[in-house]
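Let's take a friendly walk through a protein model. Have the sequence and the 3D view ready as you read.

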Amino acid sequence: MTTKAIDVFRNLEVGIMTLVKSADLYSLQLLARERKTQVPTDLIDIILTDNRISGFTVDGGMYRPHEIAMLKSTGLFRRVGEQIVLATYTAAEMYLTEKFKEYLAFRYSQSSPELLQALLDRLSFRSLQEIKKHYSDLLDIHLPFFEIQMFTTDKCNFQPRDCWEAFNILSTARNDIAHLGYSKAYKVDTPVDSWYPFEFVRTWIAQFDSNFDMLMFARQETSLIVEYKQRANASHCK
């Protein structure tokens with residue numbers, strides 16, 4: 001039985017969360033050294049044993065100005081955080097590719113498997129723009145118009161205007177990291193800069209998967225789908 005796209009993503013999500021927790025422990029040590037204190041052992045135990053992270057990963061207000069300045073100037077967290085961003089975008093791209101194949105197989109279920117495979121063999125999924133085009137052309141799904149509520153925090157560089165801009169920020173960051181070795185356009189200075197892209201992607205994918213499954217498989221329109229269609233129609237999507 002073929003593994004569902006959402007299950008593939010959830011397995012990757014667990015791995016990325018492990019990276020986040022490791023980066024959290026690393027950043028706590030960096031800040032403790034800066035403050036000339038010790039990281040509480042009970043906090044370390046919580047991060048290691050529970051599915052929890054410290055406030056320094058989710059709350060920009062936890063940082064003192066000189067600590068952010070230190071992390072920016074030294075780049076001590078940047079390389080760690082960029083790997084989280086890279087893994088996050090890669091997981092999102094993999095999900096969107098596999099979900100496309102899932103929906104295409106359902107839509108063309110009456111066609112021969114050989115014909116469907118021949119079609120897939122002709123398609124490339126090398127970029128976010130190619131994936132968007134395939135969803136639009138073959139599934140009539142317009143990815144830029146599916147919106148969810150996004151969250152961020154003060155002193156976080158992740159401040160997209162909408163969900164599609166958020167994906168494009170991560171796509172650009174991924175290309176920078178893959179080709180330049182660092183993210184040029186999107187700065188990953190502190191743990192919050194890598195956490196909120198990850199939080200956005202996993203929330204968007206969970207919402208996309210459940211809402212579009214209802215639309216594609218059961219022909220039911222949720223409130224998010226109704227809003228999505230209104231945005232798509234307003235932009236004259238065909």
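## Two cysteines apart

Keep in mind that this is a predicted model. A good place to begin is with the cysteines. A disulfide is a covalent bond between the sulfur atoms of two cysteines. How many disulfides does the structure hold? The count is zero.

Why does Cys 163 form no such bond? The closest cysteine sulfur to that of Cys 163 belongs to Cys 156, and it sits 15 Å away, which is too far for a bond. A disulfide needs the two sulfur atoms to be within 2.5 Å. Seen from the other side, Cys 156 has its closest cysteine sulfur in Cys 163, again at 15 Å.

Are these cysteines buried or exposed? Cys 156 is buried, with a relative accessible area of 6%. Cys 163 is buried too, at 1% relative accessibility.

## Where two helices cross

Now find helix α9, residues 191-218, and helix α10, residues 223-234. Their axes come within 9 Å and cross at roughly 85 degrees, so α9 is roughly perpendicular to α10.

Which residues make the contact? From α9 come Gln 207, Asn 211, Phe 212 and Leu 215, while α10 brings Leu 224, Ile 225, Tyr 228 and Lys 229. Sorted by character, the residues of this contact are five nonpolar, two polar and one charged.

## A threonine in α5

Finally, look for Thr 97 in helix α5, which spans residues 78-107. Thr 97 counts as buried because its relative accessibility is 10%, and buried means under 20%. Leaving aside residues up to four places away in sequence, Thr 97 touches Phe 125 and Ile 131.

Terms used. Residues are numbered from 1 along each chain as its sequence is written. This is a predicted model: local features need pLDDT of at least 70, side-chain atom pairs count only at pLDDT 80 or more; totals for chains, interfaces and linings use all residues. Side-chain values use heavy atoms; hydrogens and water are left out. Buried means under 20% relative accessible area, exposed over 50%, partly exposed in between (1.4 Å probe, protein chains only). Axes are lines fitted to C-alpha atoms, for helices over the stretch in contact, and angles run from 0 to 180 degrees between N-to-C directions. Helices (H or I, at least four residues) and strands (E, at least two) are DSSP runs, numbered from the N terminus. Angles under 35 degrees count as roughly parallel, over 145 as roughly antiparallel, 65 to 115 as roughly perpendicular and the rest as oblique. Contact means heavy atoms within 4.5 Å. Ala, Val, Leu, Ile, Met, Phe, Trp, Tyr, Cys and Pro count as nonpolar, Asp, Glu, Lys and Arg as charged, and the others, Gly among them, as polar.
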